[in-house]
Amino acid sequence: MEEFSTEEAVKEAVENAEEMTEEAAPEAEAQDTEAKDNKESKKGLKKKEKKKDKRDEQIEQLNDKVMRQMAEFENFRRRTEIEKSQMFATGAKSIVEKILPVVDNFERGLATVEEGADPFADGMLMIYKQLLTTLDEVGVKPIEAVGQEFNPDFHNAVMHVEDEEVGENIVVEEFQKGYMYNDTVVRHSMVKVAN
């Protein structure tokens, strides 16, 4: 057996260590590059996620804007429909108010003529009935007054009379007919009320 000196053992150990480091160096470099690549890819994913997040935020903002615009348009459409129907009702009520004096004049004229006596008066009576039918079809109705209890929403009391045969606050006589268009009073009835 040969004797090894410590110097030789140390030299041999150093040579073995150098060889091992030379062999391990490429593996370490490969591991380092893999670690760097992993870090870079994670950073890239984070950047992509951040970009997606920004895009998602923009998409959400745009969706929100679109939904708000649609809601605004729907509200506008409803509002204009309501305004249009109110304008129509106001216009119709205005026209009815202008036609009512013509109806009153027909009634006054026909009250002075006996039915069947004059063909002209019969023609006027037919026109008057046609006018009342047309008004009824569009929603204009006369307000019942005589014999009804006085109601300030429908009647306008211009006279009071003491009459014990009739109850209190009952309409005794109607001077001018009142009319309603749908549920709105166009003209109040002018009446005499018993106290």
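**Exercise 1. Work out how β1 and β4 pair, and place them in their sheet.**

Step 1. Start with the pair itself: β1 and β4 run antiparallel and are joined by three bridges. Here two strands count as paired if DSSP finds at least two bridges between them. Strands are DSSP runs of E with at least two residues, helices are runs of H or I with at least four, and both are numbered from the N terminus. In this pair, Pro 142 stands opposite Tyr 179 of β4.

Before going on, a word on the model: it is predicted, so local features need pLDDT of at least 70 and side-chain atom pairs count only at pLDDT 80 or more, while totals for chains, interfaces and linings use all residues. Residues are numbered from 1 along each chain as its sequence is written, and side-chain values use heavy atoms, with hydrogens and water left out.

Step 2. Now add the other partner of β4. β4 and β5 are also antiparallel, again with three bridges, and Tyr 181 stands opposite Thr 184 in β5.

Step 3. Put the strands in order. The result is an open sheet of three strands, β1-β4-β5, with antiparallel pairing. Its edge strands are β1 (140–142) and β5 (184–187), each pairing on one side only. Neighbouring strands are turned by 35° against each other on average, direction ignored; the strand axes are lines fitted to C-alpha atoms, and angles run from 0 to 180 degrees between N-to-C directions.

Step 4. Look at the turn. The hairpin of β4 and β5 has two residues between the strands, and Asn 182 takes a positive phi near 55° there.

**Exercise 2. Find the order and the pairing of the sheet that holds β2, β6 and β3.**

Step 1. Take the parallel side: β2 and β6 pair in the parallel sense over six bridges. One of the partnerships is His 155 with Ser 189 of β6.

Step 2. Take the antiparallel side. Strand β6 (residues 189–194) is joined to β3 by five bridges, and the two run antiparallel. Here Glu 173 has Lys 192 of β6 as its bridge partner.

Step 3. Combine the two. The order is β2-β6-β3 in an open sheet of three strands, and the pairing is mixed. The edges are β2 (155–161) and β3 (170–176), each of which pairs on one side only. The twist averages 35° from one strand to the next.

Step 4. Check how covered β6 is. Five of its six residues are buried, so β6 is largely enclosed by the rest of the structure. Buried means under 20% relative accessible area, exposed over 50%, and partly exposed in between (1.4 Å probe, protein chains only).

**Exercise 3. Describe the surroundings of Ile 143.**

Step 1. Locate Ile 143: this residue sits in the loop between β1 and β2.

Step 2. Judge its cover. With a relative accessible area of 8%, Ile 143 is buried.

Step 3. List its contacts (heavy atoms within 4.5 Å). Beyond the neighbours within four places in sequence, Ile 143 touches several residues, among them Phe 154, Glu 174, Met 180 and Val 185. The C-alpha atoms of Ile 143 and Met 180 are 6.7 Å apart, although 37 residues separate the two along the chain.

**Exercise 4. Characterise the aromatic pair and the largest nonpolar core.**

Step 1. Count the pairs. Rings of Phe, Tyr and Trp (its six-membered ring) pair if their centres lie within 6.5 Å; planes under 30 degrees apart count as stacked, over 60 as edge-to-face and the rest as tilted. By this rule there is one aromatic pair.

Step 2. Describe its geometry. Phe 106 and Tyr 128 are tilted, at 6.1 Å centre to centre and 40° between the planes. Phe 106 belongs to helix α1 (residues 6–111) and Tyr 128 to helix α2 (residues 119–137), so the pair ties together parts that are 22 residues apart in sequence. Both Phe 106 and Tyr 128 are buried.

Step 3. Turn to the core. A nonpolar core is a set of buried Ala, Val, Leu, Ile, Met, Phe, Trp, Tyr and Cys residues joined through side-chain atoms within 4.5 Å. The largest has 13 residues, and Val 96, Tyr 128, Val 140 and Tyr 181 touch the most other members. The elements giving two or more residues are α1, α2 and β4 (179–181), and α1 gives the most, with six.
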